[in-house]
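Hello,

Here is the structure I promised to pass on to you. Please open it first and turn it around a little before you read my notes.

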Amino acid sequence: MRPEIFTRTQLLDAGVASSTIARRYTRLLPQLYCLGDTTTFARCCALTQWQPTAALSHRTAAWLYGWIEEPRIVEATVPTATKVRAPRWLTVHRRTLPAGESTEIQGLPVVGRERTVIDCVAVMDSDESARIVDERLASGIERETLEWLIHSTPKLRGNQRALKQLRDASRNFASEPERVLDRAIIRLGFRMKTNHRVGRYMCDFVDELAKLIIEVDGREFHIEPGVFSKDRRRQNRLVLDGWMVLRYSASDVMADPDKIARAIVDVLRKRRGARR
């Protein structure tokens with residue numbers, strides 16, 4: 001249900017006394033009041049009523065798209081010349097959005113998905129923004145579109161970070177531990193094929209030159225006796241075919257992906273050198 005946002009004039013015209021406004025309504029922005037809970041969505045509604053040229057952006061847009069949890073601060077983009085004094089719960093970013101770079105969600109103006117990805121890289125820490133980049137690329141946002149947007153606004157904050165995130169993006173991951181480990185390996189200058197078929201087996205990470213396979217095992221999928229036995233038979237077949245198979249638990253990967261990536265890369269270097 002859309003929150004009820006009223007201007008002070010509307011309330012007075014409806015016969016609500018000034019004392020009642022102060023007592024029963026929450027002031028969100030100059031001349032704008034809310035009846036009921038002051039939610040993030042209510043603040044978004046009030047903001048777009050207060051600044052009709054604003055578009056919700058950055059982490060707020062990512063939340064409305066369903067990519068992240070509800071943020072503490074509402075973020076919006078307004079035209080460069082706009083002068084506003086924002087309350088503590090609001091962060092205003094100034095730039096003029098080109099036509100076609102905004103859309104609507106639940107009746108609210110929101111910066112487009114591709115621009116939101118780049119905006120998030122500019123304001124979020126690297127691990128959070130890496131997840132957004134990887135997941136959005138996996139869900140259908142085109143890398144070429146993101147690169148075109150970056151190059152079309154060469155002076156925009158976060159562009160270089162966004163380009164690096166695209167270069168380091170994980171591809172074809174099947175789980176969060178796989179994505180995190182893939183990123184850690186890429187940061188060390190190596191890429192392995194992910195979810196790649198070797199014979200009749202689908203493997204998490206594969207390097208054909210080193211004949212190395214990495215498997216990331218989630219406890220919930222590999223603890224059953226039947227699955228455990230199948231994993232052993234599969235591993236034996238791969239080893240007999242000349243592959244080295246290293247297995248890591250998903251919990252260990254998430255606890256210290258960089259440590260595991262360094263161990264994998266060390267094996268990669270040695271086996272590539274030996275096989276050459």
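Below is what I found in the chain, from overall form to inner packing.

This is a predicted model, in which local features need pLDDT of at least 70, side-chain atom pairs count only at pLDDT 80 or more, and totals for chains, interfaces and linings use all residues. Residues are numbered from 1 along each chain as its sequence is written, and side-chain values use heavy atoms, leaving out hydrogens and water.

You will find 13 helices and 12 strands in the chain (DSSP runs, H or I of at least four residues for helices and E of at least two for strands, numbered from the N terminus). The radius of gyration, taken over C-alpha atoms, is 25 Å, well over the 19 Å that the globule rule (2.2 Å times the number of residues to the power 0.38) gives for 276 residues, so the chain is more spread out than a compact globule. Its C-alpha trace spans about 85 × 45 × 30 Å along the principal axes.

Of the 276 residues, 48% are buried (under 20% relative accessible area, with a 1.4 Å probe and protein chains only).

Now for the inside. The largest nonpolar core (buried Ala, Val, Leu, Ile, Met, Phe, Trp, Tyr and Cys residues joined through side-chain atoms within 4.5 Å) has 49 residues, and Ile5, Leu47 and Leu56 have the most contacts inside it (contact means heavy atoms within 4.5 Å). Helix H3, residues 40-50, gives the most to this core, with seven residues. Apart from this core lies another, of 20 residues, including Leu181 and Val216.

Enjoy exploring!

Definitions and conventions:
Buried < 20%, exposed > 50% of the residue type's maximum accessible area, 1.4 Å probe, protein only.
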